[in-house]
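Open the model in a viewer with residue labels and distance display to hand. The stops below give a selection and then say what is found there.

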Amino acid sequence: MAAEPTDPRGDMLVGPLVVRGERLVIGAPKDAGKSTLIACLVRAAVNGDSFLGWQGVGGCRVLMVDVEQGPRALRRTVNAYGLGDTPNVDILSVPGGLELARSDVDRRQLEEIVAEAAPDILVLDPLYKAHLADTNDPLEGMRLMRTLDALREGKNLALVMAAHCRKPPPGGRRRLSIDDISGAGTLVYGAEVILGLEKVVYGRSVLHVWADRLGGLGQETSILMRFEHGRGFWRDVLREDPERSTDIVAAVLAAVGSRGMTRAELAEASGISVRTVARVLPTIARQKKRRNVAGAVLWCIRRDYGEDT
């Protein structure tokens, strides 16, 4: 019996996040940026870019099935992240939803589209609208996943699924968890990687690692991220590595010398938040006796900074 040919690019299409033959689930509340995160993953897989430190293989074909957004909204997202003109990305917009759990017609049509597009990655966004039955019914969830798993296994493609998370209860903020994913647990049961996307404030988010069955993500439990429209998400290395923040603030202060700078000026010059600047200043700087014209405190590097390092 002849061995099946292997793709020379390997199975990891975007590091351990998107792997041929495996499932990635991304859970997030409304407006947290699920579609943008998926666009960043697709861009890495298609263009060979790095995403959050994991390398995209490049040259992948992707079929994006969106069962919530209309064609114009979906095209706007795709265009914003440089995917609008690539022949490697096919888009199917079905804002009314699909019935993949029970409808032979919908299943057969999707199978035909997948066969024609021959994608390396199939994206389904959002998961709950891929079937029209009770999303909390575990049997309906199993039926849906049987359909999707048959496609995944039959075509040896990576399956990326977006899932909505329930709204947090009133009365205070709490950390997002895997239990917040809407619908029956059978919708995500067995997925190799499950991530949770949480927006902290505009421009800053956390990507939680809720499940990593094969251990490809190592010791990652949460990834601090920055966001900018058109650029997407990237690691917030300064928050992940406080020592680096200290070094950057010190370098800026050393460059301006005795003139000194305010906290706000330091934050703007270094790209670090005012809160982080305020935290590191006492260890590396001293207040000048005079203030600026607006009365704000000026800081300059301590003469002895670095002598004991």
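## The whole chain

Colour by secondary structure: the protein has eight helices and 15 strands. This is a predicted model, with a mean pLDDT of 86 and 92% of the residues scoring at least 70. Taken along the principal axes, the box filled by the C-alpha atoms is roughly 80 × 50 × 35 Å. Of the 309 residues, 48% are buried. The exposed surface comes to about 15,900 Å², and carbon and sulfur atoms supply 50% of that area. Among contacts between residues at least 6 apart in sequence, 61% join residues at least 24 apart.

## Colour by confidence

Which elements have the lowest and the highest mean pLDDT? Helix 5 is at the bottom with 66, and strand 2 (residues 18-19) is at the top with 97. Next, select residues 1-5, where pLDDT stays under 50. The model gives residues 1-5 zero contacts beyond four places in sequence. Where pLDDT is low, the predicted coordinates should not be read in detail.

## Salt bridges

Side chains of opposite charge can pair when their charged atoms come close. How many salt bridges does the structure hold? There are 12, and three of the pairs are visited here.

Select Asp149 and Arg23, whose side chains form a salt bridge with an N to O distance of 3.7 Å. Asp149 belongs to helix 4 (residues 138-155) and Arg23 to strand 3 (residues 23-28), so this pair ties together parts that are 126 residues apart in sequence. Are Asp149 and Arg23 buried or exposed? Both residues are buried.

Move to Arg204 and Asp236, another salt bridge, in which the closest N and O atoms are 2.7 Å apart. This pair also links distant parts of the chain: Arg204 is in strand 11 (residues 204-212), while Asp236 is in the loop between strand 13 (232-235) and helix 5 (237-240), 32 residues away. Arg204 and Asp236 are both buried.

Now extend the selection to Arg23, Asp149, Arg152, Glu153, Glu192 and Arg213. Salt bridges with shared partners join these residues into one network.

For a pair within one element, select Arg107 and Asp104, where the closest N and O atoms of the salt bridge are 2.1 Å apart. Both residues are in helix 3 (residues 104-117), three residues apart, or about one turn of the helix. Asp104 counts as partly exposed because its relative accessibility is 47%, between the 20% and 50% cut-offs.

## Lys129, a buried charge

Select Lys129, in the loop between strand 8 (121-125) and helix 4. What is the nearest side chain of opposite charge to Lys129? That side chain is Glu68, 5.6 Å away. Lys129 is buried but has no salt bridge, because a salt bridge requires a nitrogen to oxygen distance within 4 Å.

Show the backbone of Pro95 as well: its oxygen lies 2.6 Å from a polar atom of the Lys129 side chain. Leaving aside residues up to four places away in sequence, Lys129 touches Val67, Glu68, Pro95, Gly96, Gly97 and Leu98.

## Backbone details

Stay in this loop and select Asp125 and Pro126, which are joined by a cis peptide bond with omega of about -10 degrees. Pro126 is located in the loop between strand 8 and helix 4.

Two further stops concern phi. Asp31, in the loop between strand 3 and helix 1 (34-47), has phi near 70 degrees, a positive value in a residue other than glycine. Asp31 counts as exposed because its relative accessibility is 59%, over the 50% cut-off.

Asn156 is in the loop between helix 4 and strand 9 (158-164). Its phi, near 50 degrees, is again positive in a residue other than glycine. With a relative accessible area of 39%, Asn156 is partly exposed.

## Last stop

Select Gly154, in helix 4. Is Gly154 buried or exposed? Gly154 is exposed, at 62% relative accessible area. To finish, draw a distance from the C-alpha atom of Gly154 to that of Ser103: the two atoms are separated by 19 Å, and the residues are 51 apart along the chain.

Terms used: Residues are numbered from 1 along each chain as its sequence is written. Side-chain values use heavy atoms; hydrogens and water are left out. Helices (H or I, at least four residues) and strands (E, at least two) are DSSP runs, numbered from the N terminus. Buried means under 20% relative accessible area, exposed over 50%, partly exposed in between (1.4 Å probe, protein chains only). pLDDT is the predictor's confidence in each residue, from 0 to 100. Contact means heavy atoms within 4.5 Å. Lys and Arg count as positive and Asp and Glu as negative; His and the chain ends are not counted. A polar contact is a pair of N or O atoms within 3.5 Å; within protein, one must be able to donate a hydrogen and the other to accept it, and residues adjacent in sequence count only if both atoms are side-chain atoms. Accessible areas come from the Shrake-Rupley method with a 1.4 Å probe; for residues, only the protein chains shown count as cover.
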